[in-house]
Amino acid sequence: MELIDGKKISNDKRTEIKERVSKIKQQTGKVPGLATILVGKNPASQVYIKSKIKACEDAGIKSFHHNLNEHSSKEDIIALIKKLNEDSAVNGILLQLPLPQNKDTQDCINAISPLKDVDGLHPFNAGLLNLSKSWNEIIERNILVSCTPLGVIHLLHKSNIEIENKIAVVIGRSNLVGKPLSMLLLANNATVIMSHSRTKNLKEICKSADIIVAAIGKPKFVNKDFIKNGTVIIDVGINRTSDGLCGDVDFDAVKDMDIKITPVPGGVGPMTITMLLENTLKAFRGCSH
Ligand code: NAP
């Protein structure tokens, strides 16, 4: 087994981002800004938001945090988003999900200006991703893509893992992870199989894969029966169990196989926040021309 070291790849990228922010400041006198919105007091969301704010500070990106109480209405959330859309110091807006009682999440996301949509969840950006024909086009057109899938592609590129011509099985079809990641793998010329809870023969399908991405939210779901030697496994899952944090892959059960794999923690997780910083710079560039 060979580990794909998300921590190191993420740290290298953050160093590069910090240098770019410093250059932007020197050249323009401006500092990119990210606004974060947390509605309610979900403990996991509070931890994520804290990490995001700290990552911004470390990179020299200005952060503007807004807490709304859990009883805030959709109108309250949208009113704040509209204010931030108009604020020229704010280049990116991140609405921390899930919202309490999942209240009208998509309506709130739709209120974010597509130019500031650093989570890539606005239909405009999701549409651009779906219309793009290649990875180069995604980069050249400065398309804002959901952070976790972007982080996965960055991990694969930086680990010199060939994507073109490979069979990639993505388990999970969420708008946040599975769908955009499938589009990114396709843009990198993989042959992509999107699978989900209704997929039959998932084990056999996974056994045909060169790359497996597990984005399910079920602890240790993917085991030896899904994997052949030589496979690259990207574990997106973050599951809190009584034994601590674990991924969607049964790491201990597969670690003696001839595979490359991302650990949990220390794999995809660190890349997600790093790509949020990257997207904030992208949004800054988008606003400044
Ligand atoms: P989600 O919205 O709950 O989607 C889960 C997906 O898994 C659904 O498409 C579902 O299929 C599929 N699924 C569920 N049970 C399945 C089964 N038995 N066989 C095959 N597919 C199955 O979750 P998400 O937001 O994509 O997140 C997935 C995981 O990634 C979670 O553990 C989450 O915490 C983690 N995550 C990590 C990061 C990070 O930074 N590392 C970021 C985001 C999410 P259906 O569509 O048919 O229901």
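Colleague: In what sense do strand β2 and β3 pair, and over how many bridges?

Modeller: In this predicted model, strand β2 covers residues 33-39, and one of the positions that fixes its register against β3 is T36, whose bridge partner in β3 is H65. The pairing of β2 with β3 runs in the parallel sense, and the number of bridges is 7.

Colleague: Which are the edge strands of the open sheet with the order β3-β2-β4?

Modeller: The sheet has 3 strands with parallel pairing, and its neighbouring strands are turned against each other by 15 degrees on average, direction ignored. An edge strand here pairs on one side only, and that holds for β3 (62-68) and β4 (92-95).

Colleague: What angle does the direction of helix α2 make with that of β2?

Modeller: Helix α2, residues 43-59, packs on the sheet and touches β2, β3 and β4. Its direction, set against that of β2, makes an angle of about 170 degrees.

Colleague: Is K116 buried or exposed?

Modeller: K116 is found in the loop between α4 (105-111) and α5 (123-131). Because its relative accessible area is 6%, and the cut-off for that class is under 20%, K116 counts as buried.

Colleague: Which residue has its backbone oxygen 2.9 Å from a polar atom of the side chain of K116?

Modeller: Leaving aside neighbours within four places in sequence, the contacts of K116 include L84, N85, E86, D87 and G92. Of these, G92 is 24 residues away in sequence but 4.3 Å away in space, C-alpha to C-alpha. The backbone oxygen that lies 2.9 Å from the polar side-chain atom of K116 belongs to D87.

Definitions and conventions. Residues numbered from 1 in each chain as written. Predicted model: local features only at pLDDT ≥ 70, side-chain atom pairs only at ≥ 80, totals over all residues. Heavy atoms only, no water. Pairing = 2+ DSSP bridges. Helix = DSSP H or I, 4+ residues; strand = E, 2+ residues; numbered from the N terminus. Axes fitted to C-alpha atoms, helices over the stretch in contact; angles between N-to-C directions. Contact = heavy atoms within 4.5 Å. Buried < 20%, exposed > 50% of the residue type's maximum accessible area, 1.4 Å probe, protein only. Polar contact = N/O pair within 3.5 Å; in protein donor to acceptor, adjacent residues only side chain to side chain.
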